[in-house]
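Hello,

Here is the structure I promised to pass on to you. Please have a look at it first, and then read on for my notes.

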Amino acid sequence: MGLVGTAMIGYLIYYSVQVAAEPHPICDTPQHGYLCAPNISHVWGQYSPYFSVPSELDPSVPPSCTLTFAHVLSRHGARDPTLFKTIAYRGLITKIHLRTRSYGPGFEFLKNFKYTLGADQLTPFGQQQLVHSGLAFYHRYRSLALQNGTSPPFIRASGQARVIHSAEFWSKGFHTALLSDTSFSSPTPKFPYSMVIIPERLGANNTLNNKLCGSFVSGKYSHIGSNASQEYLNVFGPPILRRLIANLPGANLSLSDLPLLMDLCPYHTVASPGGASVSPFCSLFSQDEWRSYDYYQTLGKWYGFGPGNPLGPTQGVGWANELVARLTGTNVEDGTSTNRTLDGSDETFPLDRGLYADFSHDNDMVGILGALGLYEGKLDNTTRGGAWESDGFSAAWTVPFAGRVYVEKMKCDAGEELLPAPSWSSYIPFMKQSSPYGPPQPAPGGVVGWFNDKIRGIKNRNNRTAAGAYEQSGGGTGRSHRGFGPLDPDEAWDTRVGHEADAYAGPGGYYEEQELGLATPRNPGDTTYGGSSYQMNLATNPAEGAPRYEEERGRTRSRSPGLTANPFADSAEPSNISLRGVSPRPMDAQVGHGKPKSGETQAKRSSMFREDV
């Protein structure tokens with residue numbers, strides 16, 4: 001029956017029973033992702049649900065090769081808006097209700113529309129997306145899963161609730177496929193799987209949510225993305241705004257309201273059961289206007305966190321160095337955002353697994369892809385381009401809800417484990433032209449040399465090293481809108497939303513900001529966060545006798561058998577600090593250490609590496 005056969009049939013039979021009682025169609029599948037209303041749902045920027053992009057390249061493993069390693073880096077699934085976006089959306093709907101004198105054709109539903117979306121958490125559809133993602137991962141890497149036997153994929157998640165829950169639902173999908181595979185003869189791995197949760201705190205070293213660079217977070221480089229998207233909004237927005245004003249007389253909508261109103265289309269859709277009910281907000285705009293919206297969001301990601309920002313790709317160097325370590329089975333050598341305590345332990349950063357899974361945010365993934373050299377070039381701020389013209393980069397194609405990146409290593413006829421020789425951009429499935437390279441060939445210098453070339457390109461871009469990105473922030477005054485202000489990691493580049501949210505907050509900031517230390521200090525004696533400075537120490541092979549800076553970073557060659565520091569957090573971090581990060585909701589109060597108690601549901605599972613909150 002092939003790889004899909006027994007690996008997926010058990011889940012699909014169960015799922016079909018659930019769907020039989022539901023009136024909505026199936027819009028999301030493990031193999032192809034989101035299929036409903038593709039003309040518009042595939043151009044919702046980072047709010048698009050994951051879908052299979054068009055490709056002229058064959059993603060199958062060459063006949064003469066076998067996979068030896070697979071690593072997925074995934075964004076969390078579809079969610080409710082962040083708290084501060086929810087405040088802005090509710091305020092917009094309230095303004096329309098209070099001021100609008102009449103509703104034009106197609107706008108009538110707004111008269112009685114009630115805003116009921118929550119904040120920050122995965123929607124049921126988002127949970128389903130990650131189950132499907134786990135099924136798809138097992139399907140593609142079934143051979144490695146069978147080889148690993150009782151060892152499940154090694155999982156890490158950034159410490160925000162929706163990211164952790166995404167990892168949990170992904171593992172459910174993977175485990176369901178494994179249980180349905182009659183070829184799996186080993187004892188099944190213990191479920192739920194354990195995972196490493198990396199805190200999202202100010203000053204914490206976290207390669208899945210990097211907030212250490214002051215110049216990038218709140219300095220002059222923090223507004224490049226929002227400025228670029230605003231410039232394009234000034235181009236495509238006015239004609240749409242005039243039509244909205246004509247159909248909502250008296251509402252006094254502004255240009256800044258336009259993206260908020262368009263955002264409600266994808267958010268309202270992914271909040272529906274199975275994501276199957278396309279929101280009436282979607283019909284307020286044409287297909288061409290949605291393509292402009294997608295480009296607007298794409299500019300924000302490209303210039304906010306990607307190659308368009310001089311410091312964007314440097315934020316992903318830490319994760320890239322962790323990937324080098326996993327691919328080569330050697331110690332992590334890095335001086336940027338890695339957590340040396342976690343990465344220095346076999347328990348929290350093993351190097352002998354065949355399958356790995358990391359869960360993060362869209363902004364961080366854009367920086368990581370930039371560090372890997374996947375995308376290059378420049379996007380025009382005033383003329384819309386498509387994904388084909390930008391080597392496959394668009395917010396919808398690259399970092400949609402539940403978007404993912406697979407990294408593979410394989411062994412071919414020569415018996416040597418290989419990575420492709422050309423740049424990754426030559427292998428991405430978005431390239432319209434055919435690739436002249438053919439099957440993978442050995443990379444000069446091996447895996448480490450190949451990655452060093454990529455990292456070196458990041459270090460030398462604009463004559464600025466990655467180490468230069470980790471300079472002292474110098475504190476600052478006023479509220480920051482880049483990770484340290486009220487905004488969520490997914491929305492940090494959007495200063496427009498920050499201003500919308502500020503309209504609803506008091507002078508001292510929101511209660512959650514004060515509680516988490518994110519608000520502007522009120523008293524002269526209050527302190528502000530200042531970034532740390534790091535000596536850059538990329539994964540290189542220095543010449544004999546050359547000095548090695550920060551040798552203490554990473555584990556020793558002996559894997560630090562006598563390590564006595566807390567293995568579950570950076571040594572500089574006390575273990576009693578909350579893991580709430582910037583999410584306004586605490587984690588499930590029932591989550592704790594150890595194995596689930598008898599009768600406890602899987603939803604209450606705990607990680608052996610999670611701190612109590």
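Below is what turned up, going from the whole chain to single residues.

Please keep in mind that this is a predicted model. The protein chain has 613 residues, and 59% of them count as buried. You will find 17 helices and 8 strands in it. Of the contacts between residues at least 6 apart in sequence, 80% join residues at least 24 apart. As for the surface, the chain exposes about 24,300 Å², with 52% of that supplied by carbon and sulfur atoms.

A good place to start looking is the pair formed by helix 3 and helix 9. Their axes come within 10 Å and cross at roughly 110°. Angles of 65 to 115 degrees count as roughly perpendicular, so that is the word for helix 3 and helix 9. On the helix 3 side, the residues making the contact include Lys85, Ala88, Tyr89 and Ile93, while helix 9 brings in Leu260, Leu261 and Leu264, among others.

Two charged residues also belong to this contact, namely Lys95 of helix 3 and Asp257 of helix 9. They form a salt bridge, and their closest N and O atoms are 2.7 Å apart. The two partners sit 162 residues apart along the chain, so do look for them in helix 3 (residues 83–99) and helix 9 (residues 257–270). Both Asp257 and Lys95 are buried.

Helix 9 matters for the nonpolar interior as well. The largest nonpolar core has 81 residues, and Phe281, Phe285 and Trp290 have the most contacts inside it. Helix 9 gives the most to this core, with 8 residues. If you click on Phe281, you can see what surrounds it: beyond its close sequence neighbours, Phe281 is in contact with residues including Ile93, Phe109, Phe113, Leu261, Leu264 and Trp290. There is also a second, separate core of 34 residues, with Leu67, Ala145, Ala402 and Cys412 among them.

Back to the charges: the structure holds 14 salt bridges. Side chains of opposite charge can pair when their charged atoms come close. Another example is Asp181 with Arg142, where the closest N and O atoms are 2.6 Å apart. Asp181 lies in the loop between helix 6 and strand 5, and Arg142 is in helix 5, 39 residues away in sequence. Are these two buried or exposed? Buried means under 20% relative accessible area. Asp181 has 3% and therefore counts as buried, and Arg142, with 16%, is buried too.

A third pair is Arg156 with Asp358, whose closest N and O atoms are 2.8 Å apart. This one links strand 4 to strand 6, across 202 residues of the chain. Arg156 and Asp358 are both buried. The pair is also part of something wider, as salt bridges with shared partners join Arg156, Glu322, Arg326, Asp343 and Asp358 into one network.

Finally, a stop in a loop. Gly203 lies between strand 5 and helix 7. At 31% relative accessibility, Gly203 counts as partly exposed. Its C-alpha atom and that of Cys213, 10 residues apart along the chain, are separated by 9.5 Å.

Happy exploring, and best wishes!

Note on methods:
Residues are numbered from 1 along each chain as its sequence is written. This is a predicted model: local features need pLDDT of at least 70, side-chain atom pairs count only at pLDDT 80 or more; totals for chains, interfaces and linings use all residues. Side-chain values use heavy atoms; hydrogens and water are left out. Helices (H or I, at least four residues) and strands (E, at least two) are DSSP runs, numbered from the N terminus. Buried means under 20% relative accessible area, exposed over 50%, partly exposed in between (1.4 Å probe, protein chains only). Contact means heavy atoms within 4.5 Å. Accessible areas come from the Shrake-Rupley method with a 1.4 Å probe; for residues, only the protein chains shown count as cover. A salt bridge is a side-chain nitrogen of Lys or Arg within 4 Å of a carboxyl oxygen of Asp or Glu. A nonpolar core is a set of buried Ala, Val, Leu, Ile, Met, Phe, Trp, Tyr and Cys residues joined through side-chain atoms within 4.5 Å. Axes are lines fitted to C-alpha atoms, for helices over the stretch in contact, and angles run from 0 to 180 degrees between N-to-C directions. Angles under 35 degrees count as roughly parallel, over 145 as roughly antiparallel, 65 to 115 as roughly perpendicular and the rest as oblique. Lists of a residue's contacts leave out its neighbours within four places in sequence.
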